[in-house]
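Here are a few exercises to work through with the model open beside you. Try each one before you read its solution.

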Amino acid sequence: MAIVRVENVRMAGLASSVPDFVRTVDDDVERFQSEDFRKIGESIGVTSRRIAPEGVCSSDLCVAAAERLLDELDWDRDSIQAVLFVTQTPDYPAPATACTLQSRLGLSTNCAAMDINLGCSGYVYGLATAAQFVQGMAGGNENGGRVLLLVGDTITHFVSPDDRATAPLFGDAGSATALEFSSAAEPIVFSLGTDGRGLNHLIVPAGGARQPRTDATGIRTSRESGNIRSDEDMYMNGAEVFSFALQEVPKMVRSTLAEADWTIDEVDGVVMHQSNGIMLKHLRKRLKVDEENFVIALEGYGNASCASIPLAMTHQWARSGPSEKRKLVLAGFGLGWSWGGAAITCEKMVMPELVIYETPQREEAVDQPSKEAA
Amino acid sequence: MAQPDFCELLDELFELDPGTATGATVLKEIPSWSSLTFVGLIAMIDEEYGIALSPGVIMSSETAGDLERKLQEMLTASEAA
């Protein structure tokens, strides 16, 4: 695995946001005309999830999280020297959404901006990239490198509501993570890997240059097991994803621990990509992590793609005042196949409560999810 | 690793009465067979046999006996390695 070690970088804060619309297992029971979805929801650990209505972008969710975070951090926006955006649901095919985020967030023009296209592994890759930006920019100056990492997806916009493999599982979320130089910070260690042979098991086939959008690619038809979707929707072979995760995730976590010279027993929290409840419970047992140190944050959110790790951290540890010192192992894995582990010591972080993004008032579209009951 | 009884494990996983599954049981005809129990089967095999199975191996096994034979072959191969 590719090992990246970063010195003198601390995570100063983290905020996450979800849209104000929800879908529940009751909606699935009605849509599929099957009570089976109650049992499915229980097994996968998701009986309700957050859904961004059409027109709400992952960047909108991330901006909401970033605004809250920057307010609480009290950072001078001019001190931010890079904004990185990890997403598979950008605002436009071109240009990079990160450029629009520089101006939306009122950041200086002396600010680097770039998008990174990754899914379930994306938070760890984004963190590895952002941390190296800080390290390279700081030059030993305590007020030197400050980087904002925005990670989010409106992945449900790729999900066919009539595909039982994906519809009950996914949710939408955004996040903002603030990184800065600190000579007191413990090293952060990353362990990263890829196996592109997994391409076809978790994919949105059409809409890129390989298979451009046509009238035909947008038509939803009946596929394997009666699932209905188009080539512009996401396809997921759950058994293949599970098998891949079993083969790579334990190895990745062990490699991350070994490179950080940590044992699993001294870790205060393991935060994995929140794929689904069955997989997470199995991986926890397999890695012999105590239940209280293993974060599960699926219920009420769903599998939030690249935003699931920061969302789980917010769910678990958000509070007012600086956070306690914690040794964390983060583990992202999924489509690509792509995987990344991180060993990071977090201390005195600003971690605001979950931000609920308020969808701007507009005419109600057809087939929108229901607004959350207040 | 102690050798578990594969058919007993299948009974448990698929919520069948004890003694229901045999070597001749056709996997896809088990009443509670679904994409979720499929994933459960991969998890069970990983837990009990220490093998992270590719789904193709299960798909190409018609009966419980076929699958168990393949698992035994894999165990023998990994012991020999």
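**Exercise 1.** Decide whether S305(A) is buried or exposed, and say what stands out in its backbone.

*Solution.* Start with accessibility: in this predicted model, S305(A) has a relative accessibility of 3%. The cut-off for buried is under 20%, so S305(A) counts as buried. Next, place it: S305(A) sits in the loop between α7 (277-287) and α8 of chain A. Then check the backbone: its phi is near 55°, a positive value in a residue other than glycine. That's worth a second look because most residues other than glycine have a negative phi. Finally, look at what's beside it: S305(A) helps line the largest cavity.

**Exercise 2.** Find another positive phi in chain A, at D261(A), and work out whether this residue is buried or exposed.

*Solution.* Phi of D261(A) is near 60°, and the residue belongs to the loop between α6 and β14 (269-272) of chain A. Its relative accessibility is 67%, so D261(A) counts as exposed.

**Exercise 3.** Describe the two cavities: how much space lies in each, and which kinds of residues line them?

*Solution.* Begin with the count, which is two cavities of 30 Å³ or more. The largest holds about 50 Å³. Alongside S305(A), its lining includes Q88(A), F170(A), M234(A) and N303(A). Sort that lining by type and you get six nonpolar, three polar and no charged residues.

Now the second largest, with about 40 Å³ of space. Among its lining residues are M313(A), W317(A), E324(A), R326(A) and M351(A). Two elements of chain A, α8 (308-317) and β15 (326-334), each supply at least two of the lining residues. Here the split is six nonpolar, one polar and two charged.

**Exercise 4.** Move on to the second largest pocket: what is its volume, and which residues lie nearest its centre?

*Solution.* The volume is about 1000 Å³. Of the 30 lining residues, Q88(A), P90(A), N117(A), F158(A) and V204(A) lie nearest the centre. Q88(A) also turns up in the lining of the largest cavity. By type, the pocket lining has 16 nonpolar, 11 polar and three charged residues.

**Exercise 5.** Locate the cis peptide bonds at P95(A) and W337(A), and give omega for each.

*Solution.* The bond joining A94(A) and P95(A) is cis, with omega about 5°; P95(A) is in the loop between β5 and α4 of chain A. The bond joining G336(A) and W337(A) is cis too, with omega about -15°. W337(A) belongs to the loop between β15 and β16 (338-346) of chain A.

**Exercise 6.** Which residues touch the most other members of the largest nonpolar core, and which helix gives the largest share?

*Solution.* The core has 74 residues, and the ones touching the most other members are M272(A), F333(A), F6(B), L10(B), I45(B), I58(B) and L67(B). Helix α6 (residues 238-260) of chain A gives the largest share, 11 residues. Zoom in on L10(B): leaving out residues up to four places away in sequence, it touches L16(B), A21(B), L27(B), L41(B), M44(B) and A64(B).

**Exercise 7.** Explore the surroundings of T63(B): what does its side chain reach?

*Solution.* T63(B) is in the loop between α3 (55-59) and α4 (64-80) of chain B, and is buried, with a relative accessible area of 14%. Its side chain reaches the backbone nitrogen of D66(B) at 3.1 Å. Beyond four places in sequence, T63(B) touches G23(B), A24(B), T25(B), V26(B) and L27(B).

Definitions and conventions: Residues are numbered from 1 along each chain as its sequence is written. Chains are lettered from A and ligands numbered from 1 in the order in which they are written. This is a predicted model: local features need pLDDT of at least 70, side-chain atom pairs count only at pLDDT 80 or more; totals for chains, interfaces and linings use all residues. Side-chain values use heavy atoms; hydrogens and water are left out. On a 1 Å grid over the protein atoms alone, a cavity is a set of points where a 1.4 Å probe fits but cannot get out, and a pocket is an open set with protein on both sides within 12 Å along at least five of seven lines; lining residues have an atom within 4 Å of a point. Grid points are joined across faces, edges and corners, and a volume is the space filled by probe spheres set on the points. Ala, Val, Leu, Ile, Met, Phe, Trp, Tyr, Cys and Pro count as nonpolar, Asp, Glu, Lys and Arg as charged, and the others, Gly among them, as polar. Helices (H or I, at least four residues) and strands (E, at least two) are DSSP runs, numbered from the N terminus. A nonpolar core is a set of buried Ala, Val, Leu, Ile, Met, Phe, Trp, Tyr and Cys residues joined through side-chain atoms within 4.5 Å. Buried means under 20% relative accessible area, exposed over 50%, partly exposed in between (1.4 Å probe, protein chains only). Contact means heavy atoms within 4.5 Å. A polar contact is a pair of N or O atoms within 3.5 Å; within protein, one must be able to donate a hydrogen and the other to accept it, and residues adjacent in sequence count only if both atoms are side-chain atoms.
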